[in-house]
Each structure stands twice: as structure tokens, then as C-alpha cells.
Amino acid sequence: MAAGEAVVVGVRVRPFNDRENNLNAVVCIDMEGPTTRIRNIDTGDEKTFTFDESFWSHDGFEDDGTGYLRPLPNSKYADQRYVFDTFGQRVLDNAWNGFHCCLFAYGQTGAGKSYSMVGYGNNKGIVPISCEEIFRRIGQEKDPQKRYEVTVSMIEIYNEAIQDLLIDVELRPKKGLEVRESKALGIYIDGVIKRPVESYEAIETTIEEATNHRTVGSTLMNATSSRAHTVQIIEFKAVKDGSATVSMINLVDLAGSEKAGQTGATGDRLKEGSMINKSLSALGNVIEKLADRGSEKKKNVLIPYRDSKLTRLLQNALGGSSKTIMICALSPASSNHEETLSTLRYADRAKKIKNIAVPNENPQERLMRELREENEKFKKIFEAMQGGTMPSADEIKEMGLAQQEIAAMEGALAELNKSWEDKVAESREQQEAARMRRSSVNGVAALKKNLQPMMVNLNEDKTLVGRVRFSFPPGRTLIGGLGDESDSDSESGSESDSDSSTGSQPEGEKSPEEMFEDEDESPHIELGEGVARRHAVVFHDNDQNLCTIYAASEEGLKQTFVNGKSLRQLLKSQGLEEVICRQKDKPEAAGIELSHADTLVFGRHFFVFVDHMVCAPEILIASGQVDYAQAKREWQMEQLSGVHESLIVATRGGVLGVSHVMELAEKDEIIESQKAEIAELKQQMVTMKAELDRYKKMAGGRLAAGANMLGELYADELLESQMDEISKDIQKTFKDAIDQMNDVQAIFSKKALREGHLTWRSVT
Ligand code: ADP
Ligand code: MG
């Protein structure tokens, strides 16, 4: 038997970012050859780890004039090309040799996962370089008989739901896609789009499309990308003489690892209830167990793949027949010491995992073999039933599973039967239809977009900044979110508010000025969670080219921020009357005027205001004038301004250094974000509980309805009288299944015969 092959693990340390530079951060990481050392600057403690690769990307580099960062002479700086050459090439070589492969990026948010995987600007990461390389290699193929078929899928796992990033946000199934397992097909995502691609450009366009969908989705859901796992699946098929090898390349950009830690800190119950990090903590558990198994201590441990969507999806990559590479991103700064150490420990565990990778066999041959076996089994049961023997509970259960299996195989066969050319044409049609639909929705609005003032999104992930744009046409634009359906002014969450009684007043008792002119009006710009149904209004005076913002509710007054200050604070500091705009006309009272590059925050949605007369959003973003981290800090500082005022006074008096104030602000920032996280977890639990209750109710109803839920019921739980009644049903189901399988076999053998590479003897 083949010996297990260890997961290949590398760590990479990034340069200081601007903030760390401003704070005069201290480096706590050192690397020498494959070894990485981490120092605790407070205690002097040092720990040493050895990996397959330790990539030093902290210093010793320069811009080559195109923005590409290359090493200075004699420096140990690992540039993007070097990382690709050591890890990326390996992935491709494996795929070429018919293995499944998987590349993970793990680490704290901002540590450099996306930089290594996707890259920024001219510093392309492993994913784009690999894609380029795939088609370069295909171009070099000398054998005219050999064909290659490449498809790309892009998914995101957020809150334990798998979303297809190649489908428009509003067309996606609410609950996402399911991971299924079939004996013949292995693990697969049911219904995921596999986009055929024939060039590097086609992959690039596909990734771009997925990124756009991801941003729209996350901006509307108020989900930051650091909480989602993104997986790109490249299916790589080499066909020769009608026979094929298929390799799946999984490229996984994981959610920020610090979230796992934060959840842990809020207690076990919350941890259990939370789905946000379920996938990430499940991945940790799976790695733990696999490492134990790899180190020969415990050979027969059960690996909990089924605990989360991510681990289930990557089951093969982690513990099965796959070549797996993990790249762990490290921050160099001593302020991140704890998080970085935990990443190193994670990496250290991961390298103990051993996989046994075998090249994949021809999927058609395997499918046929499996079909034949299934068919045989069913026939036996069917014959026994005709002889008067009732199938056992196990057999009924198996039947249910087998039916799923057959459905999966049918799907796969249908896929196999389509020619590559058909697939390409079909996919083109779908894309064209989606484009048409989108342009008919946005139509003229899209054309006018850049001719009006607008706000564009900010995001902690730089690749997502500026992708969502909302323009302000002349006149009034209402901004709102999911809010509370019954009353957008309800003060959920703020305990200490004196006027909270207004929120609980019945509708009829509202004074006229609390009523909206049009209660049913839906917002022009819909933002999702954390934003009141009627939150804020922008009036665009076209003649004067001036945009003015007002709160549209009490909540909006408190939770709309311009450059970090709430509308309430702004009005107060400018000596203006506090006004809530509930009508359609612009109020007499003054609002807050917006200027180019102002940051706007609604709830927790971040935007920047762009005056189209000054410049296009791309230019504003590229200028580096605004960035998410800066805007968020501004906003959080402002939220805590009471506390900070005294500190700032102290600073002026020279008591505290600026960096101290910044550090304190930083701590507050962490507390704030943890608070938000807890609130979110609470919300999660409420939703889960509702879901559970609903499920319980449904299950009750189903049991009562009884008989046709055959696949899910166990025979020993059924009454004898019911058995009789449904035994006919079972027989019919079995008969149908066998017919169905015979059909499938017929298609199959026809195809096989047509292609002349297989002979098929039908089982009679
Ligand atoms: P993550 O995906 O882990 O949240 P990013 O990859 O977005 O983090 O990296 C955060 C910031 O650090 C980005 O601005 C990125 O350009 C920079 N960065 C990360 N790694 C490197 C590197 N090796 N060299 C230069 N800059 C880097
Ligand atoms: Mg990232």
C-alpha cells in the first residue's frame, strides 16, 4: 500500500501596513530557510517552527516600476512569482498527473491570504498565475489526439450556506446549495454552475463576475468578506481516445481565523449556536483529528467532516485522495503576536496530516460499474418482494439512498453525454441571458450612473471596494434597510433610551408628524440588516449640484454618519435644528450637505460619496484618499468620543503620547467589534431557534401524514397496518428505480458504443 503523503505547509509574512508603520510596530517574526521563529517581546519567549517553506515577504523588496514588488539583490524576499513557483507549480503538476488537489490560505484578516491567493494589481497571486499557466501548458500539448476541458465554479460559504457566485444574487436559492455524496461521483455540490472556459481571459472574466456578485451580496447582507470562505473549483479534464482523467483543483481563501478565537471567547454556548464560524472551527477539529491519525497515535479516530459545509466539501482534499497544500499568512507585528502564534500552531498541526492520493480513474467506467452493482442489488430485493418477502428496514433506507444516487448519476451521465461544444454553447447562452436580464433591469440607469453624484461601497477587502454604486438622481432618494417591519423607529438594542416609549405606541396613536407621507413606500436604495426601513433621505439639487442628507427616522438620526459623526451630532455642532424628514418634499430646515470623498455610514454599511463633477469613483479610490480601515476607525473613534475627549485633552497636555491614544482607541475598537459580534451571534441564535421550532412543527406534520415519506422512515417505527398499505408503494418505487436504471444504462451503452472505446453487455 502507498505510504501517506503529508500535507505541504508554508507560512508567509507580509510587510508592515501603513498603520503598523505609523505606530512604529515591532517585528516579532524571523525566518531562516524553512524555519520560522516568533518572539514575544514582552516576555522574551521564543518559539521555533519548521515548515516545507517559510516565505519571507516582510522586507528587502522594491517596486520594479510597474507596481510589481521584486526582491532587492541578495535579499531573501519571496515575491509572488517565487511563491507560485514553489507552491502553484506543484498544484498544477499534480492536476496534470490526474490527482485532485487543494490549496488553502489560512490566517487572520489582513495577514495576506488574498494577496497570496488572488493578489492585487500587478502582483498577481497563485490563482490567476495558475490559470494562465494551465492554458500555456494546454497550448504546448503536442499530442493532437489529446483534448482538454476546463470548467470553473466559484462558491462562497457564509453562515453555513453555500452560494453560487456565478448566479445573480437575487436569483440564488435562499438556503444555498447542498453538498452531496455519491459513491460513484464522490463529493459534489448539487447544482453548482460549472462554467466552461477556453482561455485565461475567460477565467479572468468569470472571476470578475463572481467578485461582483460577492460584493453585491455582502454589501446588501452587511456581511464582511472576512467571514466568508471563498472556494474556486477548477475541473480539469484531459480526454484522449474517448477516455478521460478528471482532476479537481480547489483553491480556498478561508475566512479570517481571528473570528474563531473571538467566538471561543464569548462562551461555549454561543460557540455552539454560532454558524458564522462553524466551518472554521470544524476545519480546526478535522485537522486536529487528522493530525492525530497521521502521527500514528490513534489510527481509528472518527473524523467529523459532517460538522460543517466547508469540511464536508473538502473531505477529499483533507483526508482523502488529494494532494493538499496550505499557505498560512502571518502578520509581522508584535501587536498581533497571539493571533500569529495561533496560526503557526495551526500550520504545525496541519503538516502532520497524511493523505494517500491515487490518480483518478475514468469517471465513465466507474459510473458504469457502480450502476451495474446497484442494479443487481435492487433486482434481488425486487425478486424477493415478488416472492412475498417484505424488505427490511435497512433495505428500505438503502433504497432511499440509492434513489438519490441514481438521480446524481443520471445528472452526471447527462453531463457526460453533452459534448464539450454543447456545454460551451449552453453556458454562453446562459451568460447572455443573465446579461440581458441585468441590462434590462438597470438599463438606462446604468448608462446614467456615472453622470450623477453617487455613493460607492467601502470594504475591508480591497478587491471589493467601489463595486456597488448607488447614484442620486435629481430629487429625492430614500435609503433604507430591513429594519423592523412594524416600525422603523423602534429602538431595538438601545437600553438606556429615554424616548423608547414612542416605539411601542400603537400605530393609530402616532402624532401626524411621526407618520410617513407614504407608509408603504419602499426605499430606493435597500441596504439590508442594521438599517431602519426608512433610514435617511438624500435630496439632489441638480441646478446647484448639491446633495443634502436628512435622517428619515429616529434610528437614522443616530445611525447615519458623515465622516464618522452622526447626523444628530452634526446638526447639534452646526447649531441646526434636529429634523427628521418623513415627507416627500425637501424640508425647510437645513440638512447636512455632502462633499466629494465624504464617508457615509448607514448602520454598519460603509460608503464614500462621489461628486461626479470632481472625478470618477475609480480615480477617487485609486488616489488612496479614502479607505475602509480609516473610515471605520474614524467612525469607531467618534462613537467612543466621550471617553476619548479626556484622553485627547491629556495628549495635548503632553501626558500621553499620540501612539498611546491610538492604542487605547485600538482596544476600544476591538471591544466594539466584539460587541457587534455578540449581537450578531444573539441574532443568529434567535433565527436558529425559530428555524428549529419550524422544523419541529413540520416534522410533526410529516409523521402524521405518514406513508409517503418512505425514504426517511424506518420500518420498525411503522405500524403493521401501514406496512401493508405501503408495501405496494415500495414495490412500485423499486420497479420504477429499476426501469430508470435500465434507461440510464441504455443511454450509456449507446454512448459507449458510439465512441467505440467500451463494450457494454447489458445485465438481463
Ligand atoms: P487577508 O486576505 O488575509 O485579509 P490581504 O491579502 O487582503 O489580507 O492583505 C492585507 C494587506 O496586506 C493588503 O493591502 C495587501 O496588499 C498587503 N499584503 C499582504 N501580503 C503582502 C505581501 N506578501 N507583500 C506585500 N503586501 C502584502
Ligand atoms: Mg482576504
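Two strands are said to pair if DSSP finds at least two bridges between them. By that criterion, strand E17 (residues 229-240) and E18 pair in the antiparallel sense, over eleven bridges. The model is predicted. This briefing covers the surroundings of ligand 1, the strands around E18, and an open sheet of six strands.

**Ligand 1**

- Ligand 1 is surrounded by 16 residues, and the closest are Gly110, Lys113, Ser114, Tyr115 and Tyr120.
- Helix H3 (residues 113-117) gives the largest share of the shell around ligand 1, namely three residues.
- By residue class, the shell around ligand 1 holds six nonpolar, six polar and four charged residues.
- For lysine 113, a backbone N or O atom lies 2.8 Å from an oxygen atom of ligand 1.
- For serine 114, the contact is through the side chain: one of its N or O atoms is 2.8 Å from an oxygen atom of ligand 1.
- For tyrosine 115, a polar backbone atom is 2.7 Å from an oxygen atom of ligand 1.
- On its own, ligand 1 has 560 Å² of accessible area, of which the protein covers 82%.

**Strand E18 and its partners**

- Strand E18 (residues 243-253) is largely enclosed by the rest of the structure, because eight of its eleven residues are buried. Buried here means under 20% relative accessible area.
- Strands of a sheet pair through backbone hydrogen bonds, either parallel or antiparallel.
- E18 takes part in pairings of both kinds: E17 is its antiparallel partner, while strand E9 (residues 100-107) runs parallel to E18 and is joined to it by five bridges.
- On the E9 side, cysteine 102 has asparagine 250 of E18 as its bridge partner.
- On the E17 side, lysine 240 has serine 243 of E18 as its bridge partner.
- E17 and E18 form a hairpin with two residues between the strands, and in this hairpin aspartate 241 takes a positive phi near 50°.

**The six-stranded sheet**

- Six strands make up an open sheet, in the order E22-E21-E31-E30-E27-E28, and their pairing is antiparallel.
- Strand E22 (469-471) and strand E28 (565-566) are the edge strands of this sheet, each pairing on one side only.
- Two bridges link strand E27 (residues 560-562) to E28, in the antiparallel sense.
- Within this part of the sheet, phenylalanine 561 stands opposite serine 566 in E28.

Technical notes: Residues are numbered from 1 along each chain as its sequence is written. Chains are lettered from A and ligands numbered from 1 in the order in which they are written. This is a predicted model: local features need pLDDT of at least 70, side-chain atom pairs count only at pLDDT 80 or more; totals for chains, interfaces and linings use all residues. Side-chain values use heavy atoms; hydrogens and water are left out. A residue is near a molecule or strand if one of its heavy atoms lies within 4 Å of it. A polar contact is a pair of N or O atoms within 3.5 Å; within protein, one must be able to donate a hydrogen and the other to accept it, and residues adjacent in sequence count only if both atoms are side-chain atoms. Accessible areas come from the Shrake-Rupley method with a 1.4 Å probe; for residues, only the protein chains shown count as cover. Helices (H or I, at least four residues) and strands (E, at least two) are DSSP runs, numbered from the N terminus. Ala, Val, Leu, Ile, Met, Phe, Trp, Tyr, Cys and Pro count as nonpolar, Asp, Glu, Lys and Arg as charged, and the others, Gly among them, as polar. Buried means under 20% relative accessible area, exposed over 50%, partly exposed in between (1.4 Å probe, protein chains only).
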